[in-house]
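Reader: I would like a close look at one part of this protein, namely its helices, and at how each of them sits against the rest of the chain. Please take your time over the details and connect them as you go.

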Amino acid sequence: MGEKRESGPQVSDVDFVPKGYVVFDLEITDSEGYEDYRLDGQASIREWDGRVLSGEPAPRGVVECLEGEWPTKRLVVVEFASVAVARDWYGSEQYQAAARKRQATSKGRVLLVEGWKKPW
């Protein structure tokens, strides 16, 4: 028989903090003005160590409803280390300055979503 290996830390031995996601479901009404928001918004995301996971607007990016009705034009998903970090980023002065530009150049919804509470 082979040697018995010691296993590393088990999932239950490690504190797991689920990621926090901010989801933007937008229709851009002023593409030139929105570009200013995009640059400022991305800079603030980088400052908070966030990561944009999706966001290319249709028709370049795929935004396809597979069931039901969801007439979205642009869906952006941003990942942060935790829900608390995502919430703090959203409320930060830096992002709120950018958000005012987004609100003036688009309409839609913004959601905060918590990731899985346990790793796969």
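Author: What follows goes through the helices in order, after a short word on the whole protein.

The model is a predicted one, and its secondary structure amounts to three helices and four strands, arranged along the sequence in the pattern β-α-β-β-α-α-β. Of the 120 residues in the protein, 30% are buried, and of the contacts between residues at least 6 apart in sequence, 83% join residues at least 24 apart. The accessible surface comes to about 9,100 Å², with 51% of it belonging to carbon and sulfur atoms.

Helix H1 covers residues 31-47, and its 17 residues should span 24 Å at 1.5 Å a residue, which agrees with the 24 Å between its end C-alpha atoms. Its buried residues are Gly33, Tyr34, Tyr37, Gly41, Ser44 and Ile45. They cover an arc of only 105 degrees around the axis, and therefore lie on the same side of H1. The background to this kind of pattern is that an α-helix has 3.6 residues a turn, so residues three or four places apart point the same way. The face of H1 turned away from the buried side carries Glu32, Arg46 and Glu47, which are exposed. On the buried side, the packing partners are strand S1 (20-28), strand S2 (51-54), strand S3 (74-80), helix H2 (83-91), helix H3 (93-105) and strand S4 (106-114).

Both ends of H1 repay attention. At the N-terminal end, aspartate 30 acts as a cap, with a side-chain oxygen 3.3 Å from the backbone nitrogen of glutamate 32. After H1 comes aspartate 49, which lies in the loop between H1 and S2 and has a positive phi of about 55 degrees although it is not a glycine. Most residues other than glycine have a negative phi. Aspartate 49 also counts as exposed, because its relative accessible area is 69% and the exposed class begins over 50%.

In helix H2, the buried residues are Val83, Ala86 and Trp89. Viewed down the axis of H2, these buried residues fall within an arc of 125 degrees, so they line one face of the helix. The face of H2 turned away from them carries the exposed residues Arg87 and Gly91, while the cover over the buried residues includes S1, H1, S3, H3 and S4. At the start of H2, a side-chain oxygen of serine 82 comes within 3.4 Å of the backbone nitrogen of alanine 84.

Tryptophan 89 leads from H2 into the interior. Leaving out residues up to four places away in sequence, tryptophan 89 touches Val22, Phe24, Ser44, Ile45, Trp48, Phe80 and Tyr95. The largest nonpolar core has 14 residues, and those with the most contacts inside it are Val22, Phe24, Tyr37, Val78, Phe80, Trp89 and Tyr95. Two or more residues of this core come from each of S1, H1, S3, H2 and H3. In soluble globular proteins, nonpolar side chains tend to be buried together.

Helix H3 has 13 residues, which should span 18 Å at 1.5 Å a residue, and its end C-alpha atoms are 19 Å apart, which agrees. The buried residues of H3 are Tyr95, Ala98, Ala99, Arg102 and Thr105. Seen down the axis of H3, they fall within an arc of 125 degrees, so they too line one face of their helix. On the other side of H3, Glu93, Arg100 and Ala104 are exposed, whereas the buried residues pack against S1, H1, H2 and S4.

Two residues of H3 show in detail how the helix meets other parts of the chain. Glutamine 94, which lies in H3, counts as partly exposed because its relative accessibility is 37%. Setting aside neighbours within four places in sequence, glutamine 94 is in contact with Ala43, Ser44, Glu47 and Trp48. Between glutamine 94 and glutamate 47 there are 9.3 Å from C-alpha to C-alpha, although the two are 47 residues apart in sequence. Threonine 105 also has its place in H3, and with a relative accessibility of 6% it counts as buried, since that class is set at under 20%. Again not counting residues up to four places away in sequence, threonine 105 touches Ile28, Thr29, Asp30, Gly33 and Tyr34. Asp30 is the residue that caps the N-terminal end of H1, and Gly33 and Tyr34 are among the buried residues of H1.

Conventions: Residues numbered from 1 in each chain as written. Predicted model: local features only at pLDDT ≥ 70, side-chain atom pairs only at ≥ 80, totals over all residues. Heavy atoms only, no water. Buried < 20%, exposed > 50% of the residue type's maximum accessible area, 1.4 Å probe, protein only. Contact = heavy atoms within 4.5 Å. Areas by Shrake-Rupley, 256 points an atom, 1.4 Å probe, with all protein chains shown as cover. Expected span 1.5 Å × (residues − 1). Arc of directions from axis to C-beta. Polar contact = N/O pair within 3.5 Å; in protein donor to acceptor, adjacent residues only side chain to side chain. Core = buried A, V, L, I, M, F, W, Y, C linked by side-chain atoms within 4.5 Å.
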